[in-house]
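Here are a few exercises to help you find your way around a new structure. Have a go at each one before you read the solution.

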Amino acid sequence: MRIHAHGGLDQLRLDEVPEPAVRPDEVRVRVRATSINHMDIWVRQGLPGVRVPLPMIPGVDAAGTVETVGETVRHVRTGDRVVVAQGISCGHCAQCLNGSDNLCRDYVLIGEHRDGADAELLVVPGRNVLPLSEDISFEGAAATGLVFLTAWQMVVDKARVQPGETVLVHGAGSGVGSAAIQIARMYGARVIATTSSERKAELARSLGADEVILYTRTELLSEVRRLTEKRGVDVVVDHVGTPVWDVSIKSLAKGGRLVTCGATAGHEAATDLRYIFYKQLSILGSTMGRKGDLLKILGFLASGRLRPVIHSVLPISEVREAHRIVESGEQFGKVVMTV
């Protein structure tokens, strides 16, 4: 599937292109499953100030089997089941060598800066291909990579959630939200999630949310104060942006941390600085995560301590419907496509 121009669903087109060549340090993966992220919507629609090389094969998540191995790659062989780490970095700068590859100046994502996973074949550097256990399906792996890695960095590395703390997770039905609920609960936190419907609320509770706020029916800040006996929450996990920014800051207890990874509903937000300095709050930005942490996440998936959340599985020929579902926000979890 390729995008030749930014716009609506009609810009998603099925093309035949030559098989991608493989350099000595690369691996060619036969994609078995991919999934839709908000990044795919933005790449299709276009973002002000962001240049996407067109035509582009979208798709940030990929799981499949190794088809061709470059001559310098040693850790995988033809036929191996693998998952692809989405972020590609230079591999030799100080940040990469220290394991913080997502801080590399040259960091790019497949499906945004270079051809992605919505195709039969995908070529990436060998270091971006990780072994996939037989205990994890291709569909489960494709539903996991980006959102669990993003949520892991937010909850574990940035917010440093501790047992007994209270965490407010916005957008329980999103990929990042459904992953953050599970990770925060695994770390011993009390989780309050927000969502739009009772059906999604029940699903959020099944993932480990202790309390769920229906923001369509209840004033969010007053409900947070009620549930925390006016103390506030220790951590807010946000990817929504403008609509919840002010209430997120006001929901925090003294010493609280707000960690944000995106702005799916708006990127401009006013901040009353008096709350920040008086309550000694921390605002933390987060993008993706370290490739090495994906190995930890896959281990927890294989053991059943974490689980992928899949809304539906469609063939890649129905990519327009997959985009429509995510763009409308009707899903809970990930929309996966099989190839």
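The exercises below take you through some strands, some rings and a few backbone oddities.

Before you start, note that this is a predicted model, where local features need pLDDT of at least 70, side-chain atom pairs count only at pLDDT 80 or more, and totals for chains, interfaces and linings use all residues. Residues are numbered from 1 along each chain as its sequence is written, and side-chain values use heavy atoms, with hydrogens and water left out.

**Exercise 1. Work out which strands pair with β11, and in which sense.**

Step 1: Find strand β11 at residues 190-195. Helices (H or I, at least four residues) and strands (E, at least two) are DSSP runs, numbered from the N terminus.

Step 2: Look at β10 (residues 166-169), which pairs with β11 in the parallel sense over four bridges; two strands pair if DSSP finds at least two bridges between them. Here Val167 stands opposite Val191.

Step 3: To get from β10 to β11, the chain goes through helix α5 (residues 175-186), and this β-α-β crossover is right-handed. That is, with the strands pointing away from the viewer, the path from the first strand over the helix to the second runs clockwise.

Step 4: Now try β12 (residues 211-214), which is parallel to β11 and joined to it by four bridges. Thr195 stands opposite Leu214 there. With helix α6 (residues 198-207) in the middle, β11 and β12 make a right-handed β-α-β unit.

Step 5: Check burial: five of the six residues of β11 are buried, so the strand is largely enclosed by the rest of the structure. Buried means under 20% relative accessible area, exposed over 50%, and partly exposed in between (1.4 Å probe, protein chains only).

**Exercise 2. Decide how the rings of Trp152 and Tyr187 are arranged.**

Step 1: Recall the rule: rings of Phe, Tyr and Trp (its six-membered ring) pair if their centres lie within 6.5 Å, and planes under 30 degrees apart count as stacked, over 60 as edge-to-face and the rest as tilted.

Step 2: The whole structure has two aromatic pairs. For Trp152 and Tyr187 the centres are 6.0 Å apart and the planes at 80°, so this pair is edge-to-face.

Step 3: Place them in the chain. Trp152 is in helix α4 (residues 145-158) and Tyr187 in the loop between α5 and β11, so the pair ties together parts 35 residues apart in sequence.

Step 4: Compare accessibility: Trp152 is buried at 2%, while Tyr187 is partly exposed at 30%. Add Phe300, and the three form one aromatic cluster.

**Exercise 3. Find what the side chain of Gln153 reaches.**

Step 1: Go to helix α4, where Gln153 is found. Its relative accessibility is 7%, so Gln153 counts as buried.

Step 2: The Gln153 side chain reaches the backbone oxygen of Met288 at 3.3 Å.

**Exercise 4. Track down some backbone oddities.**

Step 1: Start with the usual case: most residues other than glycine have a negative phi, and most peptide bonds are trans.

Step 2: The bond from Leu54 to Pro55 is cis, with omega near 0°. Pro55 is in the loop between α1 (38-45) and β4.

Step 3: Arg160 has a positive phi, near 50°, and lies in the loop between α4 and β10. Glu229 also has a positive phi, near 55°. At 73% relative accessibility, Glu229 counts as exposed.

Terms used. A polar contact is a pair of N or O atoms within 3.5 Å; within protein, one must be able to donate a hydrogen and the other to accept it, and residues adjacent in sequence count only if both atoms are side-chain atoms.
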